[in-house]
Amino acid sequence: MHNPLSDAYIGPSAMSEVETQAIVNTLSEVKHRVKLFITLHSYGQYIAFPWGSKLGHIDEFYTLKAIGTRAADVIKNYSGTEYRVGSIIQLMYPCTGNSVDWAYAELGVKHSFVIELRDKGREKFELDPRHIIPVGEETWNGIRSIIADIPQ
């Protein structure tokens with residue numbers, strides 16, 4: 001969206017905002033040490049990985065699918081919440097300019113994920129405050145599962 005008053009405004013140019021620049025600069029400086037990139041979003045209950053910007057599978061598709069599936073199983077066993085696992089473009093929609101694709105392609109972080117938190121659309125971006133702690137707990141359990149699956 002190119003309208004600066006829109007909630008979906010993309011900014012004047014790629015990585016134009018100072019917060020984004022700080023993240024890009026920091027990660028670029030330490031990229032040789034980064035083994036895992038996870039970004040948390042809402043909503044939809046997905047554990048997703050590249051590509052969001054194009055069709056086709058990355059080389060690590062089946063590895064990341066297995067890691068994500070184990071994390072989704074951990075979450076389901078913990079709280080009963082079900083997450084779907086796959087590439088961003090398969091699960092959602094074409095999504096250019098996303099940080100997961102950037103971390104994978106530009107930084108070389110082969111284990112790059114986005115976790116789209118609860119819910120599936122009923123509360124959307126305004127999750128009831130009583131769900132905040134349960135979502136945090138189930139998400140942390142899923143992230144711990146992902147971390148355990150990353151080779152040292």
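In this predicted model, the side chains of Arg118 and Glu138 form a salt bridge, with N and O 2.9 Å apart. Arg118 sits in the loop between strand 4 (112-117) and helix 5, while Glu138 belongs to helix 5 itself, so the pair ties together parts that are 20 residues apart in sequence. Both partners are buried: Arg118 is, and Glu138 is too. Side chains of opposite charge can pair when their charged atoms come close.

The model holds four salt bridges in total. Another of them joins Asp149 to Arg70, at 2.7 Å from N to O. This pair links distant parts of the chain. Asp149 lies in helix 5 (residues 132-149) and Arg70 in helix 2, 79 residues apart. Asp149 is partly exposed, at 25% relative accessible area. Arg70 is partly exposed as well, at 39%. Glu82 and Lys76 make a further salt bridge, their closest N and O atoms lying 3.4 Å apart. Here Glu82 has 43% relative accessibility, so it counts as partly exposed. Lys76, at 41%, is partly exposed too.

Now turn to helix 2, which carries Arg70. Does its length fit, and what should its 19 residues span at 1.5 Å a residue? The expected span is 27 Å. The end C-alpha atoms of helix 2 are 26 Å apart, which agrees.Which residues of helix 2 are buried? They are Phe61, Leu64, Ile67, Gly68, Ala71, Ala72 and Ile75. These residues cover an arc of only 135° around the axis, so they lie on the same side of helix 2. On the other side, Tyr62 and Asn77 are exposed.

What do the buried residues of helix 2 pack against? Their partners are strand 2, strand 3, helix 3 (88-91), strand 4 and helix 5. Just after helix 2 comes Gly80, with a positive phi of about 90°.

Two of those partners also pair with each other. Strand 2 (residues 46-49) and strand 3 (residues 84-87) run parallel and are joined by four bridges. Within this pairing, Ala48 of strand 2 faces Gly86 in strand 3. Helix 2 (residues 61-79) completes the picture: together with strand 2 and strand 3, helix 2 makes a β-α-β unit. The unit is right-handed.

Terms used. Residues are numbered from 1 along each chain as its sequence is written. This is a predicted model: local features need pLDDT of at least 70, side-chain atom pairs count only at pLDDT 80 or more; totals for chains, interfaces and linings use all residues. Side-chain values use heavy atoms; hydrogens and water are left out. Two strands pair if DSSP finds at least two bridges between them. Helices (H or I, at least four residues) and strands (E, at least two) are DSSP runs, numbered from the N terminus. A crossover is right-handed if, with the strands pointing away from the viewer, the path from the first strand over the helix to the second runs clockwise. Buried means under 20% relative accessible area, exposed over 50%, partly exposed in between (1.4 Å probe, protein chains only). The expected span of a helix is 1.5 Å times one less than its number of residues. The arc is that of the directions from the helix axis to the C-beta atoms. Contact means heavy atoms within 4.5 Å.
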